[in-house]
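Here is a short walk through one protein model, written for someone meeting it for the first time. Keep the structure open beside the text and look up each part as it comes along.

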Amino acid sequence: MGLPESLTVERHDEVAVLRLSRPRKRNALDDATVLGIEDFFARPPEGVRAVVLDAEGDHFCAGLDLSELGDRDVVAAMEHSRMWHRAFARLAEGRLPVVSVLKGAVVGGGLELASATHLRVAEDSTFYALPEGQHGLFVGGGGSVRVPRLIGVHG
């Protein structure tokens, strides 16, 4: 399996630890990382029966790597969003249970990623946000659907 440098894998018997490894960027998600997550869950290592999704450094994931944002037309933006949905659906709907270990920033795409896991364990340092709307960005990785399913909606 050819994972990008932004992801590492450790094996502990039947458990794989998939680790976000971009601590200088607060583990922000670039396209290579999102595609690497999709690839990992499309073809998990043989014999793995569960996955722990972890992160290097003080933060789980600060969301989209804004240095990759760039100018996209409507079609390209929709395709980019669909790529995130496809990758996170591969994780959420796959055959392996996934536990995420949350700490520090769990923001934007990081919250969307965490919401796609089956169980979330949060350290005391964890904080959550979906700040996209404040910046005129589309919540494009499924957070507008998954987060309300997890926490409920105001009635």
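Let's start with helix α3, residues 109-116: 8 of its 8 residues are buried, so this helix is largely enclosed by the rest of the structure. The buried residues are G109, G110, L111, E112, L113, A114, S115 and A116. Bear in mind while reading that this is a predicted model.

**The sheet**

Now for the strands. Five of them, 5 strands in an open sheet, line up in the order β1-β2-β3-β4-β6, and their pairing is mixed. Which strands sit at the edges? They are β1 (7-12) and β6 (119-122), each of which pairs on one side only. On average, neighbouring strands in this sheet are turned by 20 degrees against each other, direction ignored.

In general, the strands of a sheet pair through backbone hydrogen bonds, and they can do so in a parallel or an antiparallel way. Both kinds turn up here. β1 and β2 run antiparallel, joined by 6 bridges, and in this pairing E10 stands opposite V17 in β2. β3 and β4, on the other hand, pair in the parallel sense over 3 bridges, with V52 standing opposite V99 in β4.

Strand β4 (residues 98-102) has two faces worth a look. V98, S100 and L102 make up its covered face, while V99 and V101 are on the uncovered one. That fits a general pattern: in a regular strand the side chains alternate between the two faces of the sheet.

**A buried leucine**

Go next to strand β3 (residues 50-55) and find L53. Is it buried or exposed? L53 counts as buried because its relative accessible area is 1%, and the cut-off for buried is under 20%. What does L53 touch, leaving aside its neighbours within four places in sequence? Its contacts are L18, F60, L91, V98, V99, S100, V101, L113 and T117. One of these, L113, belongs to the buried residues of α3. L53 also shows how the chain comes back on itself: its C-alpha atom is 7.7 Å from that of L20, although the two residues are 33 residues apart along the chain.

**Two helices that cross**

Helix α1 lies across β1, β2, β3 and β4, running at about 170 degrees to β2. Another partner of α1 (residues 31-42) is helix α2 (residues 74-92): their axes come within 8 Å and cross at roughly 35 degrees. The crossing of α1 past α2 is left-handed. On the α1 side, the contact is made by D31, V34, L35, I37, E38, F41 and A42, and on the α2 side by H80, M83, W84, R86, A87, R90 and L91. Sorted by type, the residues of this contact are 9 nonpolar, 1 polar and 4 charged.

**Two unusual phi angles**

Most residues other than glycine have a negative phi. Two residues in the loop between β2 and α1 don't follow that habit. R26, placed in this loop, has a phi near 55 degrees. N27, found in the loop as well, has a positive phi of about 60 degrees although it is not a glycine. How exposed are they? R26 counts as partly exposed because its relative accessibility is 36%, whereas N27 counts as buried because its value is 2%.

**Salt bridges**

How many salt bridges does the structure hold? There are 8 salt bridges. Three pairs are set out here.

| Pair | Closest N to O |
|---|---|
| E10 and R19 | 2.7 Å |
| D39 and R43 | 2.1 Å |
| E79 and R82 | 4.0 Å |

Look at how open each partner is. In the first row, E10 is partly exposed at 32% relative accessibility, while R19 is buried at 16%. In the second row, D39 is buried with a relative accessible area of 18%, and R43 is exposed at 53%. In the third row, E79 is partly exposed at 45% and R82 is exposed at 52%. E79 and R82 are separated by about one helical turn because they are 3 residues apart in helix α2.

Besides such pairs, there is a network of salt bridges, which links R22, K25, D30 and D65.

Key
Residues are numbered from 1 along each chain as its sequence is written. This is a predicted model: local features need pLDDT of at least 70, side-chain atom pairs count only at pLDDT 80 or more; totals for chains, interfaces and linings use all residues. Side-chain values use heavy atoms; hydrogens and water are left out. Axes are lines fitted to C-alpha atoms, for helices over the stretch in contact, and angles run from 0 to 180 degrees between N-to-C directions. Helices (H or I, at least four residues) and strands (E, at least two) are DSSP runs, numbered from the N terminus. A crossing is left-handed if the near helix is turned anticlockwise from the far one by less than a right angle, and right-handed if clockwise. Contact means heavy atoms within 4.5 Å. Ala, Val, Leu, Ile, Met, Phe, Trp, Tyr, Cys and Pro count as nonpolar, Asp, Glu, Lys and Arg as charged, and the others, Gly among them, as polar. Buried means under 20% relative accessible area, exposed over 50%, partly exposed in between (1.4 Å probe, protein chains only). A salt bridge is a side-chain nitrogen of Lys or Arg within 4 Å of a carboxyl oxygen of Asp or Glu. Two strands pair if DSSP finds at least two bridges between them.
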